[in-house]
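Please look over the sequence and the model. A short report comes after them.

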Amino acid sequence: MKAIEARDLVRRFGDLIAVNGVTFDVEQGEIFGFLGPNGAGKTTTINMLCTLLRPTAGTARVAGYDVCTQPAAVRRSIGLVFQDPSLDEQLTAWENLRFHAMLYGMQRSDFERRAQELLAMVELADRTHDLVRTFSGGMKRRLEIVRGLLHVPRVLFLDEPTLGLDPQTRRHIWDYIFRLREKENVTIFLTTHYMEEAEHADRIAIIDHGRIIALDTPENLKATVGGDVIHVRTSDPTRAVERLRTRLQVEPRVVDGVVMVELPQGERMVPQVVQVLSNGDPPLEVQSISLRRPTLEDVFIKLTGRAIRDEGADSMARMRMAVRSRRRH
Amino acid sequence: MSWRHELMAVYTIWLRDVIRFSRDRTRILAALGQPILFLVIFGVGLSPAISDLGGGELDYTAFLFPGIIAMAVLFTAVFSAVSIVWDREFGFLKEVLVAPVSRVSVALGKVAGGSTVALFQGVLMLLLAPLLGIPLTPAQILVLLLLMWLTAATMTSLGVLFAARTRSMEGFHMIINFVMMPVFFLSGAFFPLRGVPLWMEWLARLDPMTYGVDPIRQVLLQHRVSEAVLATLRLYPIAVDVVVLIAFWMLFLVPAVWAFARTE
């Protein structure tokens, strides 16, 4: 049996189509990642799978139960870590866990044993009886993961589990996630907009504007980008693209002012790229050049023509620039 | 899902509210401060002007005191429902809504929690009775507890009804100001409802608080004033107050649970 089966899931909010026909399967014991920019429909999909939202159309089964007709059975089989913290900060870590156990109808002895075990695993055992208010962001998130796993769910949903955490804490959270999968064989469905993190998943669905535009292992997805990626900063990106196209028969693209070229055996092509750009009329100045293995970011750019990260930040920056230039005139 | 599990869920939601309340000393003090302020300022300020209550047998502060107890219960009850809006904004509500328990249990747990907390505030106010020269027997205290609890449950249900449909704290506070103030002022807490114009009498009749203040006053002042004076203060027999209060409770509770169960 599959851990999750989603078939043509659609969710509309008025005129807005947040999720537009999403179909995928998740195997038992798999770490499955939903990757996409903010507003792509990731959280809406999770909310439908965990019965918080009714799909406008389509069906989904989680742990074998239909989300529309058997919501209670689905709820008993899943654990959830929300994007926004949902702990009661006025209670201690232990009280938060105990209330969860009571809501899920756990036996007291089962609860105590399991809570201690999980708290030890995420290294919170010594803070058990402290108020959650005194916890750092990373500690809260760890406690939420413990809470999500307390009732031995078959599927654990993690909605942006590392959002707003510093890089070191993010690495820690991932260590715990791996350890959990190993010890519990729990299926993990997570969403993220961090490319590096999506690489940790067994399989990834890339979602954009409410649709899945690619679904495969991270390796296979990256293999769709032809070879290596060379990034060039030059004084004139437009002219650089044209020149590379005619002289090297490649299809470069410009993202955020950086010229990107996909090439097999990229390291051998770097000198040629520099030469083509600087020997010509007019000579273009190469400000920097870098070569790297393709990342999921490159996959996303290849599929959509734009970068996934900092879309919001970019538009904010643009707005600020516009305001500033208006003031100047 | 078994009814025992649902009962456990009601208990869990109740327990959380009670623990939170017991930890929040400032909230307890603030919830006490306002009624005491009203009691002292209006009691002391208006007593000389209103000296002919019960033929001079009853001072205004003692008359006001039952109304102030009801006020403490009313405000604590309604504001305890604000935690639903708060939880919606800060996420804890999701944890509860995604648990395998029915929303009916969650709403009932909220009403139970709010009522308990409001009852507790009422009891704290009641402790002032000896200071005001109001004698109380154990039997009176028992009846007062029941009346305060019924008032608390009715008003918490009203609060949950509003909170279930409200998305923002600002919206909730608007409702509180628009609804709570008239409910409080028209309940007979401040002035006797006998002899007021007909329109006000009718508004008071529609005010659920009226049926909380009236029996609390009757029981509280039972041994403070003579039976003749008590009769002039009485609006309805206590049994009638209780029946009407229960009717109001159901009138608020059923749609409150229904509205809460429908939220996404």
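The report covers one chain as a whole, then two residues and a surface patch.

This is a predicted model: local features need pLDDT of at least 70, side-chain atom pairs count only at pLDDT 80 or more, and totals for chains, interfaces and linings use all residues. Residues are numbered from 1 along each chain as written, chains are lettered from A and ligands numbered from 1 in the order written, and side-chain values use heavy atoms, without hydrogens and water.

Chain A has 12 helices and 14 strands. Helices (H or I, at least four residues) and strands (E, at least two) are DSSP runs numbered from the N terminus. The C-alpha atoms of chain A fill a box of roughly 80 × 45 × 40 Å along the principal axes. Of its 329 residues, 51% are buried. Buried means under 20% relative accessible area, exposed over 50%, and partly exposed in between (1.4 Å probe, protein chains only).

Two residues can be set side by side.

| Residue | Helix | Relative accessibility |
|---|---|---|
| A:Arg239 | helix 9 (residues 237-248) of chain A | 41%, partly exposed |
| B:Phe42 | helix 2 (residues 25-46) of chain B | 32%, partly exposed |

A:Arg239 touches A:Pro282 and A:Leu284, leaving aside residues up to four places away in sequence. Contact means heavy atoms within 4.5 Å. A:Arg239 and A:Pro282 lie 43 residues apart in sequence, and their C-alpha atoms are 9.5 Å apart.

In chain A, residues 24 or more positions apart account for 71% of the contacts with a separation of 6 or more.
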